[in-house]
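Here is a set of short exercises for you to try with a protein model. Work through each task on your own, then read the solution step by step.

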Amino acid sequence: MKKEDQRKVIRLDDLMKIVNTTGREDSKGWIVARLMDLGYVKKDSESFLSVKEKYTEEELRKMVVKFVKIDKKDTERLLRSETSSLKNVLLNLGYEEKELKGKSREQLEQIAVETVGDKSLLKPSLENSSTPEKKVTKFSDFIKDHPLSDAVTLDDKIKEHQERVKSRQREQSEKKAIKTMDMSVSLDNKIKEHKERVAKKRMPKTVKKVWDKVRVQEVINADEETLRADAIWAGYSQSAIKGKNTQELRSMIFDKVKLDNQSMISVLSSPSISQLKQVLVGYGASWDDVASKERDELEKMYISRVGLDDIIEARDDVKKQELIYGSKLNHRYENSLIALRRERGKEIAKELKTIKTPEARETFLNGLSQAEREDVVSYQSVKNLAKDAARIQNEFIENALT
């Protein structure tokens with residue numbers, strides 16, 4: 001067995017492929033075969049069967065991280081991931097749910113680095129402890145020998161308190177809004193549906209991972225095995241991805257990630273529509289849906305799937321960068337964006353018109369984003385201009401006939 005500092009360095013994605021056994025009938029055999037590939041089990045049937053029978057699946061998972069580790073770049077990537085993703089990685093590496101239950105974010109990061117990461121990223125509070133470290137032989141030993149709860153700082157306590165205060169404020173605000181809506185007996189079904197939408201909007205949004213076009217292209221072209229590893233990395237559990245096909249896995253991944261602003265707009269601005277079609281398929285559309293569509297139809301599909309507000313924010317950010325650096329994309333998609341915003345403004349204006357009480361209108365308006373407000377104002381302005389034009393035309397006709 002190799003010493004810990006002599007472990008082979010592999011990519012995080014490759015490590016996840018080794019320990020991810022979702023959908024495999026012989027999960028133990030899969031891991032043993034990977035250990036053979038790494039050179040830690042002799043490549044003969046006798047050794048294969050011996051190791052497979054001798055160890056449980058959990059022990060085999062833990063055995064993998066005794067032989068391999070990830071580099072500093074991938075360790076930093078792991079530490080930047082969402083807590084759910086970080087926890088899923090640890091579960092796939094052999095930890096039990098009860099071992100991770102109640103652990104803070106900092107504690108999970110420390111366990112991940114100690115288990116499989118670059119040790120230079122260990123926090124000083126653990127790495128520079130005056131108590132000599134024992135050699136870690138079991139995951140549970142690490143938890144016993146390093147009371148991570150002692151590493152919680154005053155700043156951590158303050159942060160936890162602030163989060164609790166914010167959570168209570170959100171709950172009180174939602175209760176007040178719901179109470180105000182309930183006071184209006186004239187609210188019809190449409191308003192009740194909107195009340196639910198407002199409550200949903202006020203809940204904290206899940207922060208999506210930001211990928212560039214290259215990473216998205218990798219997912220679009222990936223095989224099923226790679227997609228399963230990507231889905232685990234994106235934050236899904238093994239049970240969530242069990243039985244999913246490649247298209248379903250891609251759609252699940254794209255529910256958790258989004259393109260960076262520059263990539264988001266460059267896809268829309270590309271001279272060729274093939275890239276736009278590929279990304280739409282990545283987001284869950286079928287090739288039959290996109291094959292025969294014109295560019296403006298594809299642009300609207302893409303904007304709708306990504307989200308109007310996200311596209312607007314990305315466009316504004318890209319245009320600011322263009323002013324600074326002088327480069328310029330072809331923002332040909334803006335006609336499609338304007339059409340979708342006008343349609344959204346019309347729908348919101350219709351819904352607003354059905355709300356009778358001032359309290360309900362205030363609740364409705366508070367639930368709108370800045371871009372949604374702008375869309376309503378823009379729609380009303382165009383509508384008023386059309387009314388004025390019709391009135392002037394009628395007056396001209398009446399004057400001509402008199």
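The exercises below go from the whole chain to single residues.

This is a predicted model, in which local features need pLDDT of at least 70 and side-chain atom pairs count only at pLDDT 80 or more, while totals for chains, interfaces and linings use all residues. Residues are numbered from 1 along each chain as its sequence is written, and side-chain values use heavy atoms, with hydrogens and water left out.

**Exercise 1. The whole chain**

Find how many helices and strands the protein chain has, and what share of its residues counts as buried.

Step 1. Helices (H or I, at least four residues) and strands (E, at least two) are DSSP runs, numbered from the N terminus. The protein chain has 24 helices and four strands.

Step 2. Buried means under 20% relative accessible area, exposed means over 50%, and partly exposed is in between (1.4 Å probe, protein chains only). Of the 402 residues in the protein chain, 40% are buried.

**Exercise 2. Checking a helix**

Compare the expected span of helix α8 with the distance between its end C-alpha atoms, and say how many of its residues are buried.

Step 1. The expected span is 1.5 Å times one less than the number of residues. For the twelve residues of α8 (residues 105–116) this gives 16 Å.

Step 2. The end C-alpha atoms of α8 are 17 Å apart, which agrees with the expected span.

Step 3. Ten of the twelve residues are buried, so α8 is mostly covered. Among them are Leu108, Ile111 and Val113.

**Exercise 3. Salt bridges between separate parts**

Work out which parts of the chain are tied together by the salt bridge of Lys52 and Asp26, then do the same for Glu334 and Arg315.

Step 1. A salt bridge is a side-chain nitrogen of Lys or Arg within 4 Å of a carboxyl oxygen of Asp or Glu. By this rule there are 19 salt bridges.

Step 2. In the salt bridge between Lys52 and Asp26, the closest N and O atoms are 2.9 Å apart. Lys52 belongs to helix α3 (residues 45–54) and Asp26 to the loop between α1 (12–19) and α2 (27–38), so the pair ties together parts 26 residues apart in sequence. Lys52 is partly exposed at 23% relative accessible area, and Asp26 is partly exposed at 34%.

Step 3. For Glu334 and Arg315, the closest N and O atoms are 3.4 Å apart. Glu334 lies in helix α22 (residues 334–353) and Arg315 in helix α21, so this pair ties together parts 19 residues apart in sequence. Arg315 is buried, at 15%.

**Exercise 4. The nonpolar core**

Identify the residues with the most contacts inside the largest nonpolar core.

Step 1. A nonpolar core is a set of buried Ala, Val, Leu, Ile, Met, Phe, Trp, Tyr and Cys residues joined through side-chain atoms within 4.5 Å. The largest one has 78 residues, and Tyr302 and Ile311 have the most contacts inside it. Helix α2 gives the most to this core, with seven residues.

Step 2. Contact means heavy atoms within 4.5 Å. Not counting residues up to four places away in sequence, Tyr302 touches residues including Leu259, Met264, Tyr283 and Ile311.

**Exercise 5. Ile324**

Is Ile324 buried or exposed?

Step 1. Locate Ile324 in helix α21 (residues 308–325).

Step 2. Its relative accessibility is 59%, so Ile324 counts as exposed.
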